[in-house]
Protein chains: 2
Amino acid sequence: MPEIRKDPVFGRWVIVASDRSLRPNEFRNLERGIQEPSDCAFCPGNESQTPPALHVIPQENKPGAWKIRAVQNKYPALISNEPTLESADGIYHKMNGAGLHEVVIETPSHFQQMEDMDARHIKEVFEVYVSRINEMKKEAGIKYVMVFKNHGRNAGATLVHPHSQIIGMPMVPIRVVQEIDGAENYFMERNKCVFCDIADEERKTGKRIVGENREFMALEPYASRFSFETWIIPKQHSCHFETTSPESAGYLASIVKEILGKLRRSLEDLSYNLVIHTMPVHDPAVKHYHWHIEIMPKLSFVAGFEWGTGFYINAVSPEDAAHTLNSGKKYGN
Amino acid sequence: MPEIRKDPVFGRWVIVASDRSLRPNEFRNLERGIQEPSDCAFCPGNESQTPPALHVIPQENKPGAWKIRAVQNKYPALISNEPTLESADGIYHKMNGAGLHEVVIETPSHFQQMEDMDARHIKEVFEVYVSRINEMKKEAGIKYVMVFKNHGRNAGATLVHPHSQIIGMPMVPIRVVQEIDGAENYFMERNKCVFCDIADEERKTGKRIVGENREFMALEPYASRFSFETWIIPKQHSCHFETTSPESAGYLASIVKEILGKLRRSLEDLSYNLVIHTMPVHDPAVKHYHWHIEIMPKLSFVAGFEWGTGFYINAVSPEDAAHTLNSGKKYGN
């Protein structure tokens with residue numbers, strides 16, 4: 001049973017999920033970085049290797065076949081159907097690991113990357129996220145839902161088949177609290193949403209913009225922690241990702257396809273983490289916080305020191321990154 | 001010239017140091033992960049390839065030979081002799097990259113790891129840190145000095161020859177501010193230093209202790225973010241690492257040697273970041289904060305998702321990690 005433990009200094013919660021520790025042989029297979037489609041639990045024909053589907057988008061022209069499948073994670077970081085109990089453990093505090101952990105299998109095709117899907121398909125992936133968040137929200141005790149995608153070994157992915165993960169948790173992660181607090185402080189000082197202000201400022205200078213359509217803007221943030229870090233921001237103020245309309249999801253899909261394509265063209269062996277930053281599911285809409293997507297490429301040669309220290313050194317300025325992405329050139333050539 | 005940029009949401013400072021971006025060919029060499037001692041700028045005979053030495057510990061029995069050498073970093077993240085100026089950049093804020101960035105070459109031997117040095121040698125490495133911090137402290141504008149060591153490719157090291165880095169910076173990193181604030185909150189609630197309290201609690205249960213001597217305790221922290229994360233805490237309350245006496249440095253060296261040896265025995269292909277957490281250099285001693293060392297092993301198969309999200313899932317409980325380290329067994333066997 002996973003346990004959620006609170007760090008007594010920072011107040012941050014850490015999920016200790018020993019059941020997730022795979023056996024060493026599996027690690028060695030993963031070291032090779034690729035598995036055969038025939039062995040892949042996410043490929044068509046192997047559906048019995050995953051827990052039953054929670055949500056299925058069928059293929060249009062192939063009766064019985066699926067296009068997108070959401071299932072429970074087989075090695076969950078959190079487990080549902082448990083009431084959330086906080087308890088003392090000596091001077092420390094812990095919670096039982098009550099929560100939900102799902103996997104969205106984005107395509108039946110083992111090697112099809114998100115940027116190679118058509119925009120309509122990507123739109124449906126985002127609509128599955130919206131739908132699963134709205135389902136998780138109904139479960140007792142769920143306070144925050146995090147949607148993320150790890151792609152490539154340097155980003156911590158252990159499976160090749162394109163997939164994303166959704167975790168519903170009984171507390172709001174400290175970094176989310178800090179982000180919302182930071183945005184609130186900005187609002188109190190300037191009476192403007194910091195993300196709306198960023199979008200306005202970037203439009204003025206143009207030098208960090210890497211994509212824009214009717215509803216979204218993509219930019220290399222001013223204080224990028226990672227080389228080629230890219231944010232996708234809705235142009236209309238909006239707090240909760242899960243309120244995204246099907247029409248907006250279409251514009252989102254189109255900019256995500258464009259940006260992942262640009263990153264793929266400019267960076268060799270692209271690995272990235274994509275995280276949706278959004279409000280806690282039960283909090284009301286506010287003027288100071290604005291949902292957005294952060295894509296953090298993990299260049300294989302970049303130092304990992306920043307991990308866990310909060311201290312970042314970035315060797316590629318966001319202006320240079322934007323210039324490279326917009327030129328369609330390979331980085332470093 | 002490096003630039004320090006402030007994230008408008010979190011208030012965190014990021015160093016954008018484009019000069020540090022090495023050329024692609026060098027990256028590819030580094031990809032191979034090992035360079036020949038003859039090409040290594042840190043090996044004896046190649047001293048002219050580094051900036052001049054700032055501090056040298058000579059070898060006892062070999063006149064003219066060095067044992068430890070501190071030099072300026074050839075690719076500095078921050079550059080000295082510049083006054084620190086904060087300025088607006090549209091809606092953002094930046095500082096020029098005024099500061100100091102040094103490298104401590106820990107041994108003349110290309111392949112000798114810290115745990116293989118004798119304890120007296122390690123003690124001298126720590127004394128060099130103390131001495132360099134006390135020197136940096138005298139420079140105008142330096143508010144915080146961070147000492148860290150990246151070992152192994154998974155931890156972001158780009159050079160094989162054992163070395164550590166010292167960065168003197170014109171601001172206190174946000175994570176340090178948060179750590180000291182968290183410790184102060186704990187003190188206000190319980191009238192005890194949280195780190196002293198952790199040491200007492202761990203002594204009571206014993207299950208997370210991995211080493212102890214007269215002056216230091218080593219433990220797997222209760223809410224470990226990383227598998228086999230290990231902290232080394234002085235048993236006497238102390239805020240500033242740079243006040244460590246030569247006698248204490250001896251005890252510190254001995255426990256560091258023991259712990260790195262245990263990690264090496266239990267983990268294959270050990271990569272780690274070692275960071276000294278200490279008070280800002282000009283802040284007075286306080287009752288609520290306690291310097292310590294955090295060692296974060298980077299197991300090659302652990303997800304990198306936590307990087308930059310603050311959300312941690314740890315697949316090895318600290319109790320299991322302590323048991324493995326104390327048994328001297330290989331993890332996973």
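This report walks through a predicted model of two chains, A and B.

## Chain A as a whole

Chain A holds six helices and 15 strands. Its C-alpha atoms fill a box of roughly 50 × 50 × 40 Å along the principal axes. Is that chain compact or extended for its length? A compact globule of 333 residues would have a radius of gyration near 20 Å, and chain A has 20 Å, so the two agree. Of the 333 residues of chain A, 49% count as buried. Contacts also reach across the sequence. Take the contacts in chain A with a separation of 6 or more: 69% of them come from residues 24 or more positions apart.

## Strand pairs in chain A

Begin with the N-terminal part of chain A. Strand β1(A) pairs with β6(A), residues 92–96, through four bridges, and the two run antiparallel. Within this pair, A:Arg5 has A:Lys94 as its bridge partner. Strand β6(A) also pairs with β5(A), residues 86–89, again in the antiparallel sense and over four bridges. Here A:Ser87 is matched with A:Lys94.

Strands β5(A) and β6(A) form a hairpin with two residues between the strands. In that hairpin, A:Gly90 takes a positive phi near 65 degrees.

The table lists bridge partners from several strand pairs, including one that crosses between the chains.

| Residue | Partner | Strand of the partner |
|---|---|---|
| A:Arg5 | A:Lys94 | β6(A) |
| A:Ser87 | A:Lys94 | β6(A) |
| B:Ile209 | B:Leu219 | β11(B) |
| A:Ile313 | B:Ile15 | β2(B) |

## The sheet of chain B

Chain B has an open sheet of ten strands. Their order is β3-β4-β7-β9-β8-β13-β14-β12-β11-β10, with antiparallel pairing. Why do β3(B) and β10(B) each have one side without a neighbour in the sheet? Strands β3 (53–58) and β10 (209–212) of chain B stand at the edges with a single partner strand each, so one side of each is left without a neighbour. From one strand to the next, the twist averages 15 degrees.

Look at the β10 edge. Strand β10(B) pairs with β11(B), residues 216–219, over three bridges in the antiparallel sense. In this pair, B:Ile209 stands opposite B:Leu219. A helix packs on the sheet as well: α4(B), residues 194–205, touches β10, β11, β12 (230–234) and β14 (292–297) of chain B. The direction of α4(B) makes about 75 degrees with that of β11(B).

## How the chains meet

A rotation of 180 degrees, with 0.0 Å of shift along its axis, superposes chain A on chain B with an RMSD of 0.0 Å. That is the relation of a two-fold axis. The same surface serves both copies, and 100% of the contact residues of chain A recur in chain B.

In the contact, 67 residues of chain A meet 68 residues of chain B. Several elements of chain A supply at least two residues each to the side that touches chain B, among them β1 (3–6), α1 (24–31) and β8 (144–151). The largest share of that side, seven residues, comes from α3(A). By class, the side of chain A that touches chain B has 36 nonpolar, 19 polar and twelve charged residues.

Strands pair across the boundary too. Strand β15(A) is joined to β2(B), residues 13–16, by three bridges, and these strands run parallel. A:Ile313 stands opposite B:Ile15.

## Three residues to find

Start with B:Met1, in the segment before β1 (3–6) of chain B. B:Met1 is exposed, with 11 other C-beta atoms within 10 Å. Which residues does B:Met1 contact, leaving aside its neighbours within four places in sequence? They are B:Ile79, B:Asn96 and B:Gly97. The C-alpha atoms of B:Met1 and B:Asn96 are separated by 7.8 Å, though the two residues are 95 apart along the chain.

Next come two unusual backbone angles. Most residues other than glycine have a negative phi. A:Asp269 is not a glycine, yet its phi is positive, at about 50 degrees. A:Asp269 lies in the loop between α5 (246–266) and β13 of chain A. B:Phe228 is not a glycine either, and has a positive phi of about 70 degrees. Its place is in the loop between β11 and β12 of chain B.

Are these loop residues buried or exposed? A:Asp269 has 11 C-beta neighbours inside 10 Å, so A:Asp269 counts as exposed. B:Phe228 has 28 inside 10 Å, so B:Phe228 counts as buried.

How values were computed:
Residues numbered from 1 in each chain as written. Chains lettered and ligands numbered in written order. Predicted model: local features only at pLDDT ≥ 70, side-chain atom pairs only at ≥ 80, totals over all residues. Pairing = 2+ DSSP bridges. Axes fitted to C-alpha atoms, helices over the stretch in contact; angles between N-to-C directions. Contact = placed C-beta atoms within 7 Å. Least-squares fit on C-alpha atoms with pLDDT ≥ 70 in both. Nonpolar A, V, L, I, M, F, W, Y, C, P; charged D, E, K, R; others polar. Rg over C-alpha atoms; globule rule 2.2 N^0.38 Å. Buried ≥ 20, exposed ≤ 12 C-beta atoms within 10 Å, placed from the backbone.
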